[in-house]
Amino acid sequence: MTWPSLTAAELLAELTRHLDELMPQANILRREIHRHPDLGYGERATVDRLRKAMPGMKVTRVADTGFLTRVGAPTGPAVAVRAELDALPLTEETGVPWASVIPEVMHACGHDVHMAATWALLQAAR
């Protein structure tokens, strides 16, 4: 079965199934990113973690601390998906096992979730 031959309902069901399979890995990635946050304009280690989690995908660095990749045909229409990378200058006091190990820096606004969800979406689209 190929993607173009699916109805909209079948496509949604297939995408949902694939995302369900990816969620455990996405959660591991989210927790790894959460443990090692980077402040804005210094997210190089975060970008490197994400790139490592996407083997086989061509990645182009953008604006020093970002990157882009294209899924599917190398030309033609495309849909852009963006995820924030930066953390905040706050001390984490959650006590969770994946708490930030970087003093006075934490992902308090969900950007770790943005990145893991975008990773899962890119993996599902491949």
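Which residue forms a salt bridge with aspartate 48? In this predicted model, the partner turns out to be arginine 61, and the closest N and O atoms of the two sit 3.8 Å apart. That just makes the cut, because a salt bridge here needs the nitrogen within 4 Å of a carboxyl oxygen. The pair ties together distant parts of the chain: aspartate 48 belongs to helix α2 (residues 44-52), arginine 61 to strand β1 (residues 59-62), and the two positions lie 13 residues apart in numbering. Aspartate 48 is partly exposed, at 42% relative accessible area, and arginine 61 is partly exposed too, at 35%.

By this rule, the count of salt bridges comes to seven. Another one of them pairs glutamate 14 with arginine 17, with the closest N and O atoms 2.5 Å apart. Here both partners come from helix α1 (residues 8-35), and since they are three residues apart, about one helical turn separates them. Glutamate 14 has a relative accessibility of 27%, so it counts as partly exposed; arginine 17, at 37%, is partly exposed as well.

Then there is the bridge between the side chains of arginine 82 and glutamate 84, which meet at 2.6 Å, N to O. Arginine 82 counts as exposed, with 67% relative accessibility, whereas glutamate 84 is partly exposed at 27%. As for bridges with partners in common, Glu14, Arg17 and Glu21 are joined into one network.

Technical notes: Residues numbered from 1 in each chain as written. Predicted model: local features only at pLDDT ≥ 70, side-chain atom pairs only at ≥ 80, totals over all residues. Heavy atoms only, no water. Helix = DSSP H or I, 4+ residues; strand = E, 2+ residues; numbered from the N terminus. Buried < 20%, exposed > 50% of the residue type's maximum accessible area, 1.4 Å probe, protein only.
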